[in-house]
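Trainee: Please take a close look at the surface patches of this chain. Where do they lie, and which residues make them?

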Amino acid sequence: MFDNEARVLMILPRDLVDRARAVAGRATMSIKLPVSLQIVFRALIEEGLKRPGDHAILANVGRQAEMVRRIRTEARRAPAMRSAPGSRAARPQPSAGARRS
């Protein structure tokens with residue numbers, strides 16, 4: 001479709017996808033042509049990138065960046081929590097040579 005394109009996988013909250021579906025439905029009714037979620041997301045991204053100094057967009061980007069940071073920090077802590085003293089993962093397992101017959 002486009003001369004220079006790239007594929008991107010996006011993981012989005014369900015409510016955001018539902019809102020995009022509503023926009024696609026309204027656009028389909030308005031212009032009497034089928035409008036997919038891909039078209040809606042492409043248009044929203046393109047319009048958002050035309051306003052790089054918009055405070056609302058920058059605030060949204062900042063919130064999402066903080067959320068990703070928090071998720072990654074918690075993910076790094078999770079293995080340490082699983083191997084805490086007293087947990088099953090922290091208990092020493094007998095080696096194959098130390099087993100009694």
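**Surface patches of the chain**

Mentor: The model is predicted, with a mean pLDDT of 84 for the chain and 77% of its residues at 70 or more. Where pLDDT is low, the coordinates should not be read in detail. Among the elements, helix α1 (residues 14-31) has the highest mean pLDDT, 95, and α3 the lowest, 88.

The setting comes before the patches. The chain holds three helices and zero strands, in the order α-α-α from the N terminus. Of its 101 residues, 8% count as buried. The accessible surface is about 9,600 Å², and carbon and sulfur atoms account for 59% of that area.

One patch is nonpolar: V8, M10, L12, L16, I45 and L49 form it, and it covers about 550 Å². M10, one of these residues, sits in the segment before α1. Its relative accessible area is 40%, so M10 is partly exposed and passes the cut-off of over 30% relative accessible area that patch residues must meet.

The other patch is positive and consists of R69, R72, R76 and R77. R72 belongs to helix α3, which spans residues 55-82. With a relative accessible area of 55%, R72 counts as exposed, because the cut-off for that class is over 50%.

To put the two side by side: M10, from the nonpolar patch, is partly exposed, whereas R72, from the positive patch, is exposed. M10 lies in the segment before α1, and R72 in α3, the element with the lowest mean pLDDT, 88.

Definitions and conventions: Residues are numbered from 1 along each chain as its sequence is written. This is a predicted model: local features need pLDDT of at least 70, side-chain atom pairs count only at pLDDT 80 or more; totals for chains, interfaces and linings use all residues. Side-chain values use heavy atoms; hydrogens and water are left out. Helices (H or I, at least four residues) and strands (E, at least two) are DSSP runs, numbered from the N terminus. Buried means under 20% relative accessible area, exposed over 50%, partly exposed in between (1.4 Å probe, protein chains only). Accessible areas come from the Shrake-Rupley method with a 1.4 Å probe; for residues, only the protein chains shown count as cover. Patches are made of residues with over 30% relative accessible area and no salt bridge: like charges are joined within 9 Å, nonpolar side chains (Val, Leu, Ile, Met, Phe, Trp, Tyr) within 5 Å. A salt bridge is a side-chain nitrogen of Lys or Arg within 4 Å of a carboxyl oxygen of Asp or Glu. Lys and Arg count as positive and Asp and Glu as negative; His and the chain ends are not counted. The place of a charge is taken as NZ of Lys, CZ of Arg, CG of Asp or CD of Glu. pLDDT is the predictor's confidence in each residue, from 0 to 100.
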